[in-house]
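Q: I've got the sequence and the 3D structure open, and I'm a bit lost. Could you take one part, look at it closely with me, and then show how the rest fits around it?

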Amino acid sequence: MPTVKEIFATMEYGPAPESPDFVDAWLEKHGRRFGHFINGRFVDGSSTFEVINPANKAVIATVSQGSSAEIDQAVQAAGVAFEHWRALSGHERARYLYAIARQVQKHSRLFAVLETMDNGKPIRETRDIDIPLVARHFYHHAGWAQLASEVFEHCGPLGVCGQIIPWNFPLLMLAWKAAPALAAGNTVVLKPAEFTPLSALLFAEITQQIGLPAGVFNLVTGDGRTGEALVEHPRVAKIAFTGSTEVGRIIRQKTAGSGKKLSLELGGKSPFIVFEDADLDSVVEGVVDAIWFNQGQVCCAGSRLLIQESIAETMYAKLRNRMENLRVGNPLDKAIDIGAIVAPVQLQKIESLVQQGTKEGASCWQPGWAVPTEGLFYPPTLFTNVEPAGTLAQVEVFGPVLVAMTFRTPAEAVELANNTPYGLAASIWTENVNLALDIAPKIKAGVVWVNCTNVFDGASGFGGYRESGFGREGGAEGMYEYLRANWEHNLPDAEEPEFVPRAEPGINAESPENAGNGEAATIDRTPKLYIGGKQARPDSGYSYPVFDPAGKHRGEAGLGNRKDIRNAVEAAAKASSWAKSAAHLRAQILFYIAENLQVRAREFANRLVADGGYSAESAEREVTAAIERTFYYASWADKYDGRIHQTPFRNVTLAMPEPWGILGIVCPETNPLLGFLSLVLPAVAMGNAVVAVPSARYPLAATDLYQVFDTSDLPAGVINIVTGNQLELAKVLAQHLEIAALWFFGSKSGSEMVERESAGNLKATWVTHGKARDWSKPEQAQGQEFLRHATQIKNIWVPYGE
Amino acid sequence: MDSLDTTFTESLLQERDSWARPELDWVKAIAVNKSAVERRVSTLAGRRTVKKEWQAAWLLKAITCIDLTTLSGDDTEGKVHRLCAKAKSPVRADLLEALGVTGITVGAVCVYPTMVAHAVRALNGSNIPVASVATGFPSGLMPMTQRLEEIRYAVDQGAAEIDMVITRELVLTGRWDELFDEVAACKDACGRAHLKVILATGELATLRNVARASMVAQLAGADFIKTSTGKETENATLPVTLTMVRCIRRYYESSGRKVGFKPAGGIRSAKDALAWQVLMKEELGRDWLEPELFRFGASGLLTDIERQLEHFVTGRYSANYRHPAA
């Protein structure tokens with residue numbers, strides 16, 4: 001060891017080790033061997049595997065590999081506990097969550113050291129970031145437990161929630177999942193990542209200590225097979241998953257049609273955009289927090305650095321200087337910036353992607369010093385000369401590897417930023433508030449940080465756009481993932497199978513008693529598809545006959561096919577300016593639609609009587625309801641405000657509801673007018689462009705509407721109507737990669753198909769699982785639920801202060 | 001290189017030739033993001049720490065960087081003598097022996113101009129420089145001729161370092177040319193004495209102003225830039241420090257000249273001293289841990305460091321009265 005005198009000359013940093021002693025003692029107390037935590041007790045597992053400390057590859061514990069039987073036990077226990085837990089008052093649940101938060105704080109260092117030994121991330125991060133955020137999340141959600149019945153009126157819990165979490169933030173991801181679930185009155189079966197199960201086991205002990213009722217929180221450790229058993233368990237009402245997009249897609253497919261609610265928080269390749277007027281020295285520290293936080297093993301890591309060309313070389317020089325000063329090594333050392341990579345397989349993945357990037361011609365730069373060789377370490381790495389088409393610009397590395405590209409203009413920055421299938425987060429650096437607030441809404445990402453990065457809080461929702469998943473964790477928006485409307489439990493089944501239109505001529509529209517009575521023939525009407533503001537003949541060249549409920553032929557409708565859907569989506573894409581138009585304008589147009597609908601009320605009523613088998617009175621009621629519903633969404637168009645979340649530092653966190661973009665809607669077979677408008681209008685009011693497939697059996701009320709749209713100044717492409725076989729068209733919509741969300745109000749089997757086929761681009765789906773709503777009941781047929789499904793929340797963090 | 005930096009380099013080239021005033025419009029464009037700066041300094045303490053032998057060595061180094069200061073209306077020759085005695089032996093001999101180090105003194109003794117002669121006499125033979133505040137300290141609102149005269153007086157009395165204050169008005173109203181001229185004139189008046197330029201950051205309102213003033217002061221010839229007089233309501237803070245040291249780095253990268261940094265006021269504990277040292281090492285590098293480029297303007301700091309050193313040596317927490325007073 002150097003003497004004080006020698007250090008006085010060199011002024012080096014020495015070792016600053018955090019002691020593992022208390023954690024070792026805790027592990028020893030358990031014999032370094034853990035079972036599952038089921039129904040309030042630790043139970044031995046049937047088979048086991050080892051957990052290593054990635055900083056030195058030492059085995060630190062043996063844990064159990066959960067079997068299907070053990071998952072079943074846990075789910076059964078959670079199911080039993082649910083009846084008791086949901087019956088508690090919000091205040092009683094709040095007390096438990098508060099106690100958890102307190103216990104996490106009391107044992108914060110134990111959690112922090114354990115997390116570092118299990119995961120390899122620096123003690124600074126577990127101590128200063130992860131564990132405080134965990135406590136904060138439980139405090140925040142203790143509050144939601146208290147308030148839920150008031151804020152989320154007429155809503156209740158889902159049941160048993162299956163939660164599968166990743167290894168990069170083991171305890172924090174547990175908190176993000178368990179806290180809202182428990183606050184809303186659900187019970188939980190959680191599977192931690194196989195690499196990092198230990199902090200969850202300590203957490204289970206905490207729940208025991210505070211007397212959380214048995215079965216409310218259950219833990220089954222294991223690998224992907226354990227997770228699969230949880231996903232497939234029929235008694236699970238909800239799956240919440242954080243992990244890779246690849247596994248998320250499989251889960252989407254496996255849960256399709258099961259009725260399980262699903263939220264997915266998946267991968268990312270998040271842009272970190274630097275404009276030339278930014279505080280570049282602060283930007284450098286932002287980059288450190290973006291990509292060298294947690295060894296870059298962060299789903300929202302700012303891994304794509306987009307720099308304005310004029311400052312690129314200056315930035316690279318500053319970055320390289322800063323990288324030389326980063327310290328990689330023992331994560332239990334308090335003066336370490338970058339710890340160990342979680343597992344050998346992850347380290348190999350990073351190494352091979354770096355090799356590939358180099359092979360593709362990108363320039364790789366690493367600091368002059370070497371990383372320790374005994375554990376799983378990788379140096380901070382900067383790639384320049386990366387083309388957008390390069391592997392490293394597209395693929396999530398999940399390691400300390402930054403790729404840099406340049407842009408010339410704000411528009412080009414947006415284009416590059418959005419040039420990815422992912423959409424988790426983005427960071428924007430500029431001193432110009434005009435620029436920042438112009439760019440933030442244009443980035444396809446669930447979280448946008450202005451002049452900051454990787455900041456999180458329980459009060460703010462976190463979650464992705466596009467293939468980064470759907471659903472939010474944190475804030476009011478996160479609570480909805482664990483709630484459902486109470487009336488949903490008692491809905492009747494919808495008709496099944498769906499009506500299948502056939503391309504054939506119908507029997508003469510005139511009934512025998514009217515035929516040949518000498519009256520002049522009426523002029524034939526040809527309802528067409530409605531695409532891009534124009535009436536369009538179906539690509540197929542086929543029409544199908546439309547009958548009333550009594551079997552009387554009432555006309556023809558176009559038999560749309562996949563090409564018509566393709567054309568409709570292209571038309572919808574061209575209508576993207578609808579999203580940016582003023583909400584007042586959207587409101588005005590919707591009011592105008594109501595006005596024009598009123599003018600033609602009798603005609604629509606006649607249509608319902610003629611085609612739909614309505615009585616004159618019920619037809620009039622339905623048309624009146626349709627006009628009122630149009631007013632309703634015209635009214636909401638400029639009132640569905642976002643929120644300003646109360647996050648605990650000096651900033652405004654704007655939670656903005658943004659439209660999906662292109663939304664597919666498959667309408668119910670019943671209520672040809674009201675059902676159609678009840679779905680299409682909220683979507684349009686929020687700024688979406690819609691491709692709607694109306695009732696196949698009664699399509700003509702919908703096709704009558706396009707003249708109303710035309711006369712109401714609705715811009716071309718905002719509403720597109722494709723009639724035809726609903727299931728066939730729904731499948732094309734589900735598979736279409738440009739459609740961001742899809743609503744399906746048909747059969748149970750159709751719902752299953754839509755969920756499964758939507759896995760391709762992980763579009764958000766809203767399906768009825770074959771339950772029929774009553775479109776005349778406002779409670780079921782209109783409301784903020786529709787607006788919520790028509791939007792996704794983007795959280796924009798804007799720190800301020802001069 | 002961006003246009004701002006090009007202008008910057010050009011202005012430096014002019015500066016090297018003649019110390020003629022460069023074009024200074026570009027300083028208005030300097031960007032400092034307060035929230036990001038605060039985040040950096042708030043996480044730095046968690047990113048770096050020194051323990052045991054390393055901590056003792058760093059604290060000894062901190063002592064060598066202290067400008068041991070008395071700037072009170074009731075200063076007397078006797079008071080200055082006591083301060084100088086402490087400056088020469090800031091740490092008890094038994095502690096230094098246990099630490100295996102010799103020859104530790106503070107960086108300088110800092111007094112009012114009329115006290116300089118007393119200090120010079122008291123420090124005779126010690127190699128410890130005497131620093132004098134000047135230019136109408138602490139407000140600086142004195143006619144320019146008197147300010148320059150005061151500098152010359154202090155230098156004449158034997159001050160090797162001059163701590164001047166700038167006219168805050170010139171910053172608050174964006175008169176960068178005049179600020180440059182003011183500092184340059186003071187530098188001239190210093191002759192061979194080193195010039196520390198006090199920005200009085202607590203009265204400059206924003207970090208952007210701090211950065212602008214830092215750049216102009218360096219361009220005009222400052223050897224050190226210093227945060228505060230110690231008399232403002234807000235003294236040295238870490239965000240202000242980070243802003244200033246980044247300007248020092250920027251100036252060094254463009255000019256090759258190393259300007260020193262002196263935080264003053266409010267740094268009272270050994271823990272504070274370490275936080276500042278870490279910031280210097282992380283942002284500027286090893287060279288800026290030496291008294292040639294780094295000083296603490298402090299009076300109470302030394303006592304706390306002495307206590308920590310005794311704790312390191314004995315393993316027992318210490319008490320103030322065990323260490324000789326100044």
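Here is the request in detail, followed by one long answer.

Q: Please zoom in on the open sheet of 10 strands in chain A. In what order do the strands come, and which strands are at the edges? Which helices lie across strands of chain A?

A: Sure, let's go! One thing to keep in mind from the start: this is a predicted model.

Start with the order of the strands. Going across the sheet in chain A you meet β13, β14, β15, β12, β11, β16, β17, β31, β25 and β24, and the pairing is mixed. The sheet is open, and its edge strands are β13 (363-365) and β24 (643-645) of chain A, each of which pairs on one side only. If you follow the strands across, neighbours are turned by 25° against each other on average, with direction ignored.

Now zoom in on one pair. Strand β12 of chain A covers residues 302-308, strand β15 of chain A covers residues 401-407, and the two pair in the parallel sense over five bridges. To find your place in that pair, look for A:I307, which stands opposite A:T406 in β15(A).

Next, the helices. α11(A) lies across β11 (270-274), β12, β15 and β16 (425-429) of chain A, and it runs at about 155° to β12(A). α12(A) lies across β11, β12, β13, β14 (381-384) and β15 of chain A, running at about 160° to β14(A). So that you can compare the two lists: β12 and β15 are among the strands under α11(A), and β12 and β15 also turn up in the list for α12(A).

These two helices also take us to the other chain. In total, 37 residues of chain A are in contact with 35 residues of chain B. On the chain A side, the elements that give two or more residues are α1 (4-10), α6 (123-151), α11 (280-291) and α12 (312-324) of chain A. In other words, α11 and α12 of chain A lie across strands and also give residues to the side that touches chain B. By class, that side of chain A has 14 nonpolar, nine polar and 14 charged residues.

Since we've reached chain B, have a look at the sheet there too. Eight strands form an open sheet in the order β7-β6-β5-β4-β3-β2-β1-β8 of chain B, and here the pairing is parallel. Its edge strands are β7 (260-262) and β8 (296-298) of chain B, each pairing on one side only. Neighbouring strands of this chain B sheet are turned by 25° against each other on average, direction ignored. For a pair to zoom in on, try β4 (residues 161-165) and β5 (residues 194-198) of chain B, which pair in the parallel sense over five bridges. In that pair, B:D163 stands opposite B:K196 in β5(B).

Chain B has an oddity as well. Most peptide bonds are trans. The one from B:F137 to B:P138, though, is cis, with omega near 0°. B:P138 sits in the loop between β3 (130-133) and α7 (144-157) of chain B.

Back in chain A, there are backbone oddities to check out too. Most residues other than glycine have a negative phi. A:R32 is not a glycine, yet it has a positive phi of about 50°. You'll find A:R32 in the loop between α2 (21-29) and β1 (36-38) of chain A, and it is partly exposed, with 16 other C-beta atoms within 10 Å. A:N671 is another non-glycine with a positive phi, of about 45°. A:N671 is in the loop between β26 (662-666) and α23 (674-685) of chain A. It counts as buried because it has 27 C-beta neighbours inside 10 Å.

One last stop: helices α25 (residues 726-735) and α26 (residues 748-757) of chain A. Their axes come within 8 Å and cross at roughly 20°, so α25(A) is roughly parallel to α26(A). The crossing is right-handed. A:L727, A:A730, A:K731, A:A734 and A:Q735 make the contact from α25(A), while A:G750, A:M753, A:V754 and A:E757 make it from α26(A). By class, this contact has five nonpolar, two polar and two charged residues.

Conventions. Residues numbered from 1 in each chain as written. Chains lettered and ligands numbered in written order. Predicted model: local features only at pLDDT ≥ 70, side-chain atom pairs only at ≥ 80, totals over all residues. Contact = placed C-beta atoms within 7 Å. Helix = DSSP H or I, 4+ residues; strand = E, 2+ residues; numbered from the N terminus. Nonpolar A, V, L, I, M, F, W, Y, C, P; charged D, E, K, R; others polar. Buried ≥ 20, exposed ≤ 12 C-beta atoms within 10 Å, placed from the backbone. Axes fitted to C-alpha atoms, helices over the stretch in contact; angles between N-to-C directions. Parallel < 35°, antiparallel > 145°, perpendicular 65-115°, else oblique. Left-handed = near helix turned anticlockwise from the far one by under 90°. Pairing = 2+ DSSP bridges.
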